[in-house]
Amino acid sequence: MLRRVYKAYAANGPSVSRVFVMIWSAAILVGLVHIATATPLRRWNDVAVKHSWVELPRGWEYHSSAPADYKFDMRVALKQDKIDALIANLWETSDPNHAKYGQHLTPAEAEALVAPHPDSREAVDAWLQHHGIAPENIAYSAGGGEWVTIRVSVAEAERMLDTKYNVYHHASSSERVVRSLSYSLPRELHSHIDVVTPTTYFGTMRSMRSTSFLQPIEEEEALDKDFNINAAVPSSCATTITISCLRGLYNTTSYVPAATNVNKLGVAGYLDEYANRADLQTFFKSFRTDAVGSSFTTVRFNGGLDDQSDPGVEANLDIQYTTGISFPTPNIYYSTGGSPPFTPDSFTPSNTNEPYLDWLNALLNSTTIPQTITTSYGDDEQTVSFSDEMYIVPQDYAIKVCNLFAQLGSIGTTAFFSSGDEGVGGGDCLTNDGTSKKIFQPAFPASCPFVTTVGGTTKVAPEVAVSFSGGGFSRYFAQPSYQTSAVSTFLTSLGSTFAGLYNATGRAYPDVSAQGNGFRVIIGGSVNSVGGTSASSPTVAAIFSLLNDVRLAAGKPSLGFVNPLIYSSPKSFNDIVSGSNPGCSTNGFTARAGWDPVTGLGTPDFAKLKLIV
């Protein structure tokens, strides 16, 4: 076309020039229109994988394709603009040798630091607008606004994330979930978004584990058996644990809380586990008579219930021992639901929600946040091959959850987690990537450096490590400075043993420990024996709640994140020097003098800890 115009110009001179200019202008206009329409398309179509699995996580199987019209809440976590500043402040306020020790942030100050940058919100808004998501289907979280909840159909989510959603079945829990094996985001959004859920994290409310289990109990044992509740440490405590055992062992018997008007202790509950009030009264009548008539408050998150006709083993264990040790400190039981309100059928899943996120976000947005919290649930950091390692918890998800615990610590809350009940790992611990490589299996969130992880002991005079006590080294989180010296001493003594099976530079756990065997728990009016580090975590949490009471009664702020404090004062704990935590077809690590990945620093001595808080 332009060549013909040029020839005409050569033959006829300037008279053709006007035609040439008109055609050339039209060509430019068409080009500009093309660029203008192509630019937003390239912006959102230029995608890159955010996370993917090589194969389906172990324990899960494909059930069916997810119905295209099935609607669910997709959660997008925006990058927190000043999370590094929040964590830096946390290190200062939790360091007992720092001038800012104990100067916790207010919830509003913490929210300001975790809020996304305005550019992040603007970019995500534009992306949602491009995909035609109606404003009424978009909700930003209160406070910092770093979480965006979007009501979408499977078809919409698949277009937005360049993925395929399926329904997967978890045989051991009979749960079905909507998940994907990978998802992608526009490259532009990778610098604005941390994680999108539900996508590739296959852990759920029911597939994660409660770290407790029922144990056999002698038939002749009854509620009226004489446990000699006035003895410092009853002789029966070698095999049978009651409140009096723990109060005697850990030196809290004579302490009477004085700050009960401000101090609170929280217990996180999942899996439709309900703490029963009638059972608590029966428990008190047998094991803590001065507490009879007192109770706890239930707070329900995400559709959680409070069914008093269905007492839970885990829930009763936790609440009976937190209230029994901390009485009369107010206790709160958080009943966290895990299912959206719909009726499942053979093609729809029973759960699209994820553990921890719902509870943590709801808690951080609460007007009342306890100074101490205990959680007795966990997942494996790794259970399926990815490259040469095995993961079930995507690293971006783990970091996001862990940072929420840092936020909790920054406002003055101490978070305790049980270390797990499989020693260094359950099963044969072999990778399924064709190499059959054996590696130890760290637990999550126990491996998060911003929680205090509790292992288990058994027997008395002396206490020894209980064989199922979870412990090891994270493959996600680096070893924090507060434990470097203690862990280094252990690693030096370990030498080359288990070389290659664990990550020597990872966050090491547990931090501390407590009794974890033979706990007497009332369930449905009857006495039962329960074991697991699920018993250890509420025990330690209750003791630290009493330590918070000491500080609050003296007009001081709560302890908050305690790990730097306790690692700086190891002699405030009863060192456990024998026992091991076998797993992965090995003998596991061995408890020894000082910190070890079986019992941590040891069991708490309240009288000694009072002196350092």
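These are my notes on one helix pair and the cavities in this predicted model.

**Ground rules.** Numbering starts at 1 along each chain as its sequence is written, and side-chain values use heavy atoms, with hydrogens and water left out. As the model is predicted, local features need pLDDT of at least 70 and side-chain atom pairs count only at pLDDT 80 or more, while totals for chains, interfaces and linings use all residues.

**Helix pair.** I looked up helix 3 (residues 83–93) and helix 11 (residues 395–410): their axes come within 10 Å and cross at roughly 50 degrees. Helices here are DSSP runs (H or I, at least four residues), numbered from the N terminus; axes are lines fitted to C-alpha atoms over the stretch in contact, with angles from 0 to 180 degrees between N-to-C directions. That makes helix 3 oblique to helix 11 (not under 35, over 145, or 65 to 115 degrees).

I then checked who touches whom (heavy atoms within 4.5 Å). From helix 3, Ile 83, Leu 86, Ile 87 and Leu 90 meet Asn 403, Ala 406, Gln 407, Gly 409 and Ser 410 of helix 11. I sorted these contact residues into five nonpolar, four polar and no charged (Ala, Val, Leu, Ile, Met, Phe, Trp, Tyr, Cys and Pro are nonpolar; Asp, Glu, Lys and Arg charged; the others, Gly among them, polar).

**Cavities.** On a 1 Å grid over the protein atoms alone, a cavity is a set of points where a 1.4 Å probe fits but cannot get out, and lining residues have an atom within 4 Å of a point. Grid points are joined across faces, edges and corners, and volume is the space filled by probe spheres set on them. I found five cavities of 30 Å³ or more; the largest holds about 90 Å³. Its lining includes Glu 111, Trp 147, Leu 404 and Gln 407.

Technical notes. Helix = DSSP H or I, 4+ residues; strand = E, 2+ residues; numbered from the N terminus. 1 Å grid on protein atoms, 1.4 Å probe; cavity = no way out; pocket = protein on both sides within 12 Å on 5 of 7 lines; lining within 4 Å.
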